[in-house]
There are 2 protein chains.
Amino acid sequence: MVMDFSQIRRNDHLPARIASQIGREISDGRIAAGEKLPTEHILAKTFGVSRSVVREAIAQLRNEGLVETRQGVGAFATDIERRHSIRIEQGNLADRRSFQSLFQLRLPLEIEAAGLAAVNHTAEDLSKLDEALEQMTGEEKWTEKGILADLAFHRQIAASTHNEYFLLFLGFIAERIHLAINTARETAVLTEIVEVTIAEHVAIRDALASRDPIRAREAMRHHLDGAASRLGLQLRIF
Amino acid sequence: MVMDFSQIRRNDHLPARIASQIGREISDGRIAAGEKLPTEHILAKTFGVSRSVVREAIAQLRNEGLVETRQGVGAFATDIERRHSIRIEQGNLADRRSFQSLFQLRLPLEIEAAGLAAVNHTAEDLSKLDEALEQMTGEEKWTEKGILADLAFHRQIAASTHNEYFLLFLGFIAERIHLAINTARETAVLTEIVEVTIAEHVAIRDALASRDPIRAREAMRHHLDGAASRLGLQLRIF
DNA sequence: TGTTGTACGGTTGTCTGATAACCTTATATG
DNA sequence: CATATAAGGTTATCAGACAACCGTACAACA
């Protein structure tokens with residue numbers, strides 16, 4: 001028998017907690033953009049921790065782009081425009097609405113990527129694409145390996161655009177989505193429709209090979225449309 | 001006379017440099033996923049810095065999701081899927097090719113956003129859009145304020161999709177692009193074509209108001225097409 | 001045999017104090 | 001008036017120590 005103890009509230013990471021506290025002060029506007037934060041000494045005293053912890057907290061905020069520090073002057077809250085990173089907490093994708101929103105964002109990017117890849121791909125790209133396809137075809141069922149192959153397939157398409165940002169953003173989004181699917185996995189739904197999915201992937205691959213962007217876009221659109229409905233999503237696809 | 005000193009490679013932020021160096025080791029696979037990093041002591045010795053600096057560097061990597069640390073055990077490289085943030089170094093957008101790539105990524109997102117906004121926007125959204133438009137129209141020249149209004153306009157469209165991720169991603173990308181334009185600003189080019197730009201914005205606004213997604217997409221496509229050519233970009237727009 | 005208690009070494013987390021590098025401001029200097 | 005210098009404050013970095021925690025090995029015990 002397994003006891004179901006509730007997780008104790010672990011003292012996890014003092015700097016992170018302080019960082020989020022200061023971060024909230026900024027996000028909520030209690031510290032205006034451009035305003036100077038208290039000195040590290042003062043912060044350390046007010047939070048009752050050492051300066052090291054405060055420094056690490058500020059470093060975290062700086063990484064997220066919420067503050068800028070100038071040596072010998074101080075730390076300043078930055079305005080939103082200067083932020084240079086974007087993040088998604090995995091927990092956010094738990095609810096269906098948020099998940100659907102991310103999928104909706106993915107749509108135009110994948111479609112555009114397919115069109116660009118059709119034009120820009122090299123012979124090497126195509127062979128890598130075929131590799132990923134083979135991984136998927138070989139599997140009888142939609143196992144973990146098949147899912148990874150699917151990820152690799154889409155990733156290779158993004159790479160075939162030869163646009164670094166498509167690879168960066170699409171890779172990020174696709175991984176988020178696949179992860180969300182995995183955590184709330186109802187694999188049963190997926191096993192039966194492997195052939196359909198593979199057929200769609202092959203269609204995309206062939207369209208790409210023909211270097212016809214319109215056809216590639218259509219194939220990708222059709223694939224995502226199918227994938228969405230298989231996931232029970234209701235998306236607007238133009 | 002303004003001297004054009006080449007940017008001195010400032011020693012700025014030792015931890016960041018070390019973090020990127022370690023980060024590259026991971027990204028390039030020289031440190032496999034799940035593998036343990038050297039201890040802080042060893043890293044400090046090998047880099048010739050104090051442990052504080054190493055700690056800050058690792059904290060940064062932890063923030064970006066590239067490593068996980070466990071007290072009493074060590075720091076471990078995480079596999080790609082766990083990463084939960086995406087970032088763009090501003091310096092990367094200096095060269096034209098990279099800038100163009102980001103603009104190319106923006107295209108399908110803006111167009112899709114326009115279509116979604118046409119369907120999903122509320123009356124309040126529309127009035128905010130008009131506000132931003134007024135800010136642009138009021139200005140004689142394409143001043144800083146006009147640029148901000150342009151940003152606000154596009155941001156409001158993203159918001160009008162009522163899809164949090166469109167707002168997050170598009171806001172991020174648009175700000176990056178505008179910032180890059182500002183730093184390498186050739187304002188002279190922009191001042192003369194204000195009327196054209198405003199007219200395009202009005203067209204988008206009206207298409208949105210008519211709740212016709214096709215028309216809204218077309219208007220946005222046309223606007224971005226114009227903007228790209230005004231910036232001297234050669235983009236493929238389907 | 002198998003389980004539990006305990007000691008030990010190693011690693012990260014936090015603290016403390018000091019020094020260097022840097023900025024701002026005020027003051028002196030010519 | 002312009003420039004140089006000094007002073008004080010702040011962040012950046014360093015060094016060393018202790019605390020908290022983990023994994024393992026080994027002894028003790030049933």
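This short presentation describes how a protein surface meets DNA strand D, and then turns to one helix of chain A.

The model is predicted, so local features need pLDDT of at least 70 and side-chain atom pairs count only at pLDDT 80 or more, while totals for chains, interfaces and linings use all residues. Residues are numbered from 1 along each chain as its sequence is written, chains are lettered from A and ligands numbered from 1 in the order in which they are written, and side-chain values use heavy atoms, without hydrogens and water.

I begin with the DNA. Around DNA strand D there are 23 residues, each with a heavy atom within 4 Å of the strand. Among the closest are Arg55(A), Gly72(A) and Leu14(B). Of the strand's atoms within 4 Å of the protein, 68% belong to sugar or phosphate and the rest to bases.

Which atoms of Arg51(A) and Gly72(A) approach base nitrogens of DNA strand D? For Arg51(A), an N or O atom of the side chain lies 3.0 Å from a base nitrogen; for Gly72(A), a polar backbone atom lies 3.1 Å from one. A polar backbone atom of Leu14(B) is 3.4 Å from a phosphate oxygen of the strand.

I turn now to helix α10 of chain A, residues 213–230; helices are DSSP runs of H or I, at least four residues, numbered from the N terminus. At its start, a side-chain oxygen of Asp212(A) comes within 3.0 Å of the backbone nitrogen of Ile214(A). Buried residues of the helix (under 20% relative accessible area, 1.4 Å probe, protein chains only) include Ala216(A), Met220(A) and Leu224(A). Just after the helix, Gly232(A) has a positive phi of about 80°.

Definitions and conventions:
Polar contact = N/O pair within 3.5 Å; in protein donor to acceptor, adjacent residues only side chain to side chain. Helix = DSSP H or I, 4+ residues; strand = E, 2+ residues; numbered from the N terminus. Expected span 1.5 Å × (residues − 1). Buried < 20%, exposed > 50% of the residue type's maximum accessible area, 1.4 Å probe, protein only.
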